[in-house]
Amino acid sequence: MHSFNVTAKSDIRHDWTLEEVTALLALPFNDLLYQAHSLHRRYFDPNAVQISTLLSIKTGACPEDCKYCPQSARYHTGLKAEKLMDLDEVVRQAKLARENGATRFCMGAAYRNPKDRDLDKIIDMVIAVRGLGMETCATLGMLTAAQAKRLADAGLDYYNHNIDTSENYYREIITTRSFQERLDTLENVRASGMHVCSGGIIGMGESRDDHAAMLQTLATLPQHPESVPINQLVQVEGTPLHGREGVDPFDFIRVIAVARILMPKSHVRLSAGRSQMHDEMQALAFFAGANSIFYGDKLLTTENPQQDADRSLFARLGIHAETPVSAGNPAQGTGIAESHEQRCAAT
Ligand code: SAM
Ligand code: DTB
Ligand code: SF4
């Protein structure tokens with residue numbers, strides 16, 4: 001019998017020290033997974049995974065220098081830049097995602113920060129996608145408090161803005177905006193009332209200490225992000241991080257497990273990089289506490305597992321799609337796997 005949603009007050013902490021986080025990351029692997037999975041079962045259905053689909057609504061030609069990113073104008077990755085997408089196309093793609101079983105639609109734009117006139121168009125997209133009964137998410141770069149408020153008022157459910165790595169390692173990866181500016185945007189998003197989605201990238205050459213510091217920053221925010229994407233670096237030819245030695249898969253799983261322990265009520269997303277992972281590694285990530293994925297053949301510009309492969313993985317693991325609490329009318333078509341409610345209704 002699961003006992004999800006039973007809050008033990010002492011589980012939810014905002015005062016994690018770096019020493020504590022470092023010690024968790026260094027636990028024997030089985031001890032760490034046992035602890036993470038036990039906590040996971042306390043707060044969530046361990047067989048339910050939240051399903052988001054990504055769409056790049058404005059691609060490439062970005063002025064920032066994030067060394068991992070194929071969309072920076074500074075690197076020659078062969079990516080074709082595209083202007084802000086038309087509303088009709090966004091709605092078409094959102095309907096497709098919904099038919100395929102996604103309950104959240106995440107719109108990404110290669111901006112340092114959106115201009116107010118871009119925001120007018122994006123707000124129309126948010127309203128239209130919400131009208132389809134889906135949860136909405138956007139990732140558009142830095143936001144002022146006023147911009148965040150406008151998006152919140154339009155009904156945007158989640159805003160994604162990653163801290164990406166530790167404060168120390170950050171300067172090795174991005175020079176065109178500071179770590180503090182990231183935190184400022186997160187504060188503006190939180191103050192607007194939207195749900196916060198913030199995480200980082202593993203596999204950029206950082207150390208375990210950087211993993212600890214990044215996780216500590218997230219877990220000591222005044223409120224934990226509701227969604228914590230853990231990306232494995234997708235190495236793209238032409239970006240400065242292409243050719244880096246990959247991360248030890250067990251270290252990646254350790255980060256997922258520690259995120260689960262530090263932020264027990266948050267959804268931890270096994271985010272970018274799944275195309276480069278074996279099924280066994282994904283299963284281990286779900287066991288360690290990951291309970292959200294990006295679903296659909298494409299992330300923003302790089303590939304994601306084929307939908308058939310994900311359907312089969314879910315079926316083999318007995319995992320089903322989580323039913324969102326906040327979406328008005330999730331008129332789902334062919335869900336990626338039967339939901340808990342669907343199964344219960346059928347019996
Ligand atoms: N331009 C906006 C920004 O940077 O906030 C929004 C889009 S940006 C692509 C969103 C996030 O995607 C980045 O913060 C980074 O964490 C992640 N990302 C980008 N390229 C990646 C890659 N090659 N591998 C893994 N994650 C990546
Ligand atoms: C996040 O943490 N990962 C997503 C989303 N937020 C926007 C992006 C992953 C991008 C991977 C590289 C690409 O496809 O361009
Ligand atoms: Fe631009 Fe975002 Fe890519 Fe950085 S991560 S280069 S801000 S699109």
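Guide: A molecule sits in a cavity or pocket if more than half of its atoms lie within 2 Å of the grid points of that space. What you're looking at is a predicted model, where local features need pLDDT of at least 70, side-chain atom pairs need 80 or more, and totals for chains, interfaces and linings use all residues. Residues are numbered from 1 along each chain as written, chains are lettered from A and ligands numbered from 1 in written order, and side-chain values use heavy atoms, without hydrogens or water.

Visitor: Okay, how many cavities of 30 Å³ or more does the structure hold?
Guide: Picture a 1 Å grid over the protein atoms alone: a cavity is a set of points where a 1.4 Å probe fits but cannot get out, while a pocket is an open set with protein on both sides within 12 Å along at least five of seven lines. With points joined across faces, edges and corners, and 30 Å³ as the lower limit, the number of cavities is two.

Visitor: How much space lies in the largest cavity?
Guide: A volume here is the space filled by probe spheres set on the points. For the largest cavity that gives about 790 Å³.

Visitor: Which residues that line the largest cavity are closest to its centre?
Guide: Lining residues have an atom within 4 Å of a point, and the largest cavity has 38 of them. Sorted by class, they make 21 nonpolar, 12 polar and five charged. (Nonpolar means Ala, Val, Leu, Ile, Met, Phe, Trp, Tyr, Cys and Pro, charged means Asp, Glu, Lys and Arg, and the others, Gly among them, are polar.) Closest to the centre are Tyr-68, Cys-69, Gln-71, Asn-162 and Leu-300.

Visitor: Let's take the ligands in turn. Of the residues around ligand 1, which come nearest?
Guide: The space that ligand 1 takes is the largest cavity. Its shell (residues with a heavy atom within 4 Å) splits into eight nonpolar, six polar and two charged residues. Out of the 16 residues there, the nearest are Tyr-68, Tyr-111, Asn-162, Asp-164 and Val-234.

Visitor: How much of the accessible area of ligand 1 does the protein cover?
Guide: Start with the polar contacts, pairs of N or O atoms within 3.5 Å: a nitrogen atom of ligand 1 is 3.1 Å from a backbone N or O atom of Tyr-68, and a nitrogen atom is 2.9 Å from one of Val-234. The side chain of Asp-164 joins in, with a polar atom 2.7 Å from an oxygen atom of ligand 1. On its own, ligand 1 has 550 Å² of accessible area (Shrake-Rupley method, 1.4 Å probe), and the protein's share of cover is 91%.

Visitor: Asp-164 has popped up. What is its phi?
Guide: Most residues other than glycine have a negative phi. Asp-164 isn't a glycine, yet its phi is positive, at about 75°.

Visitor: And what is the phi of Ala-61?
Guide: Here's another residue that is not a glycine and still has a positive phi. For Ala-61 the angle is about 55°.

Visitor: On to ligand 2: which residues around it come nearest?
Guide: Ligand 2 sits in the largest cavity. Its shell holds seven nonpolar and seven polar residues, with no charged ones. Of these 14 residues, the nearest are Asn-162, Asn-231, Leu-300, Thr-301 and Thr-302.

Visitor: What percentage of the area that ligand 2 exposes alone does the protein bury?
Guide: Two side chains reach oxygen atoms of ligand 2: a polar atom of Asn-162 at 2.8 Å and a polar atom of Thr-302 at 2.8 Å. Leu-300 uses its backbone instead, with a polar atom 3.0 Å from an oxygen atom of ligand 2. Taken alone ligand 2 exposes 400 Å², and the buried part is 88%.

Visitor: Where does ligand 3 sit?
Guide: Around ligand 3 you'll find, among others, Cys-62, Glu-64, Cys-66, Tyr-68 and Arg-177. By class, this shell has six nonpolar, one polar and two charged residues. As for the place, ligand 3 sits in the largest cavity.

Visitor: What about the second largest pocket: which lining residues are closest to its centre?
Guide: The second largest pocket has a volume of about 410 Å³. Its 23 lining residues divide into 10 nonpolar, eight polar and five charged. Closest to the centre are Leu-54, Leu-55, Gln-93, Lys-298 and Leu-299.

Terms used:
A polar contact is a pair of N or O atoms within 3.5 Å; within protein, one must be able to donate a hydrogen and the other to accept it, and residues adjacent in sequence count only if both atoms are side-chain atoms.
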